[in-house]
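Student: Could you show me how to read the places where a protein holds other molecules? I would like to go through one case slowly.

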Amino acid sequence: MIEFYDAGYGYGGRELLTEMSLTLAPGSFHFLTGPSGAGKTTFLKLCYRELQATAGRVSIFGEDTRSMGRDEVALLRRRIGVVHQDCQFLDHLSVAENVALPLTVSGLPRDHGDLSDLLAWVGLSEQIHARPPELSGGERQRAALARAVIMSPDVILADEPTGNVDWEMSLRLLQLLIELNRMGKTVVIATHDLHLIRQAKAQVAARVLRISNRRIQQSGADL
Amino acid sequence: MKAILLSFLNFRESASGRVVPPSGFTAQLTVITSAAMAFLAVFALALSMATGRLAERWGNELARGSTVRISAPADQIDTQIAAALKVLETTPGVADARLLTAEEETDLLEPWFGPDLPLDTLPLPALIDIQEMPEGFDAEGLRLRLAGEAPGAVLDDHSRWRKPLLRAAERLRLLGVLSLLLIAGVTAGMITLAANAALAANGQVIRTLRLVGATDRFIAGAFVRRFTLRGLMGAVIGTLFGMVAVALLPSADGAGSFLTGLGFVGGQWVWPLTIPVLAALVAFAATRVAATQTLRRLM
Ligand SMILES: Nc1ncnc2c1ncn2[C@@H]1O[C@H](COP(=O)(O)OP(=O)(O)O)[C@@H](O)[C@H]1O
Ligand SMILES: [Mg+2]
């Protein structure tokens, strides 16, 4: 699904990530850990071609990201749901409109039934008409998750989805992501919350990718 | 076609139209400037149409109607008339040359001197009326030949004063057209600036749209349609005001001179109605270019 071939990323003469060779297989569940500033967000950006590898190559859905045109990138984004670290909503639109934004930009009809089902699934039925700035941290994360999955993407990338929510809410978000994985979606969660990883491992065959010393290390079993 | 137009006009209400946040002040400024430009365009158009009419009228009224005036001692006059007529017959561009009778001359002079004019006692010159062909004749060449054959003949060629006036009218018309082009250019520039400002102010919105899979076409479209609508709306207002202002101009026709008032005549009133359409086209093209370039630059 997403493959790294000896890929690296650097900026201003400084290497942030190097020698990454790995495959994110369809239906797999990965955690991505590492200290703050290690390059987790950067790694995810390489996965949805917000950034391009400066060394080696990355291929997404079997296509080399270096040869993709602007429109191809746009189409690619419709197959990858991203929960951004800072969520990124359009504040002048309602929660429902924000969640439906991927449908809007794709020119697809906004099926109201599906939309309210989805918002109920993430527990935001009450906030449909609210504006994003009125939401709490947990509500924003859940709205971002709903937006990430509305196109029924093949891959879901979540960047610290539990960053600013309490444990209760973290478990709930994790549960939603595990449900999606059971539906066959490839899931990658960037987090440095080890409790969360342990919690997940009890339910799914999650693998852990750890960034340390500018490299990605895969550890299947222990932590 | 109607459906496309309707969906275009309903765009403000639709979901894809609302992805770009409303920007009150810039929006109003665009509408107002577009209205002012359309207002000016109506006058520039009226100017070029009025001067066009003027040039045409002068051209038609004066093109055919030159005269040769012959004054000579009584014993020479008949030979000189005959010589002058012969010269005119062989001049290319002269359709017909005819000596005016004494009665006709009296009729011509009556308005100026009254009916009791003692014609016989006055040494009146003989007059030859020349009917020109549409392409006209070479006045200088004719003048030289007349001087050789009939020394008492003088060619009264209206083109002597008609030509500079015609040239002035045509120059004015050109200036009117140039003004229209300048107005279109300024409008394009203004819309480009406003669109660029809007694109720059909405960098975060564009980034978010990109992240959820919006193509450049979609993002550009949201801006293009917004600015096209604003340009159109402003131009409709400006054009209507301009047309009312032109309609209320005092008419100069009553003076009976060659002057025709600045304004539109009959079917010409349709022309200013094309200004809003052109303004919308200009706004469309300007925003499209600006948006495409900016989006390319923003990675
Ligand atoms: N293009 C870039 N220019 C400057 N700094 C960058 C660039 N890309 C990444 N960084 C820096 O690299 C570091 C890693 O960032 P990030 O991937 O967000 O780490 P993490 O998500 O693990 O906290 C940060 O200090 C960030 O500021
Ligand atoms: Mg990060």
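**Reading the ligand sites**

Tutor: In this predicted model, the magnesium ion (ligand 2) has two kinds of protein donor atom to look for, OG1 of Thr41(A) and OE1 of Gln85(A), lying 2.0 to 2.5 Å from the ion. The pair links distant parts of chain A, since Thr41(A) belongs to helix 1 (residues 40–47) while Gln85(A) sits in the loop between strand 6 (80–83) and helix 3 (95–99), 44 residues apart.

Student: Why does Thr41(A) count as partly exposed?

Tutor: A residue is called partly exposed when its relative accessible area falls between the limits of 20% and 50%. Thr41(A) is placed in that class because its relative accessibility is 26%, and Gln85(A) is partly exposed because its value is 40%.

Student: Which residues surround ligand 1?

Tutor: The surrounding residues include Tyr9(A), Leu16(A), Pro35(A), Lys40(A) and Thr42(A). Helix 1 of chain A gives the largest share of this shell, three residues, and by class the shell has five nonpolar, five polar and one charged residues.

Student: Which atoms of ligand 1 lie close to polar atoms of the protein?

Tutor: An oxygen atom of ligand 1 is 2.5 Å from a side-chain N or O atom of Thr42(A), and an oxygen atom of the ligand lies 3.0 Å from a backbone N or O atom of Gly39(A). A nitrogen atom of ligand 1 lies 3.3 Å from a polar side-chain atom of Tyr9(A). Taken alone, ligand 1 exposes 570 Å², of which the protein buries 60%.

Key
Residues are numbered from 1 along each chain as its sequence is written. Chains are lettered from A and ligands numbered from 1 in the order in which they are written. This is a predicted model: local features need pLDDT of at least 70, side-chain atom pairs count only at pLDDT 80 or more; totals for chains, interfaces and linings use all residues. Side-chain values use heavy atoms; hydrogens and water are left out. Donors are N, O and S atoms within 2.8 Å of the metal (3.2 Å for Na, K and Ca); water is not among the atoms, so sites may look incomplete. Helices (H or I, at least four residues) and strands (E, at least two) are DSSP runs, numbered from the N terminus. Buried means under 20% relative accessible area, exposed over 50%, partly exposed in between (1.4 Å probe, protein chains only). A residue is near a molecule or strand if one of its heavy atoms lies within 4 Å of it. A polar contact is a pair of N or O atoms within 3.5 Å; within protein, one must be able to donate a hydrogen and the other to accept it, and residues adjacent in sequence count only if both atoms are side-chain atoms. Accessible areas come from the Shrake-Rupley method with a 1.4 Å probe; for residues, only the protein chains shown count as cover. Ala, Val, Leu, Ile, Met, Phe, Trp, Tyr, Cys and Pro count as nonpolar, Asp, Glu, Lys and Arg as charged, and the others, Gly among them, as polar.
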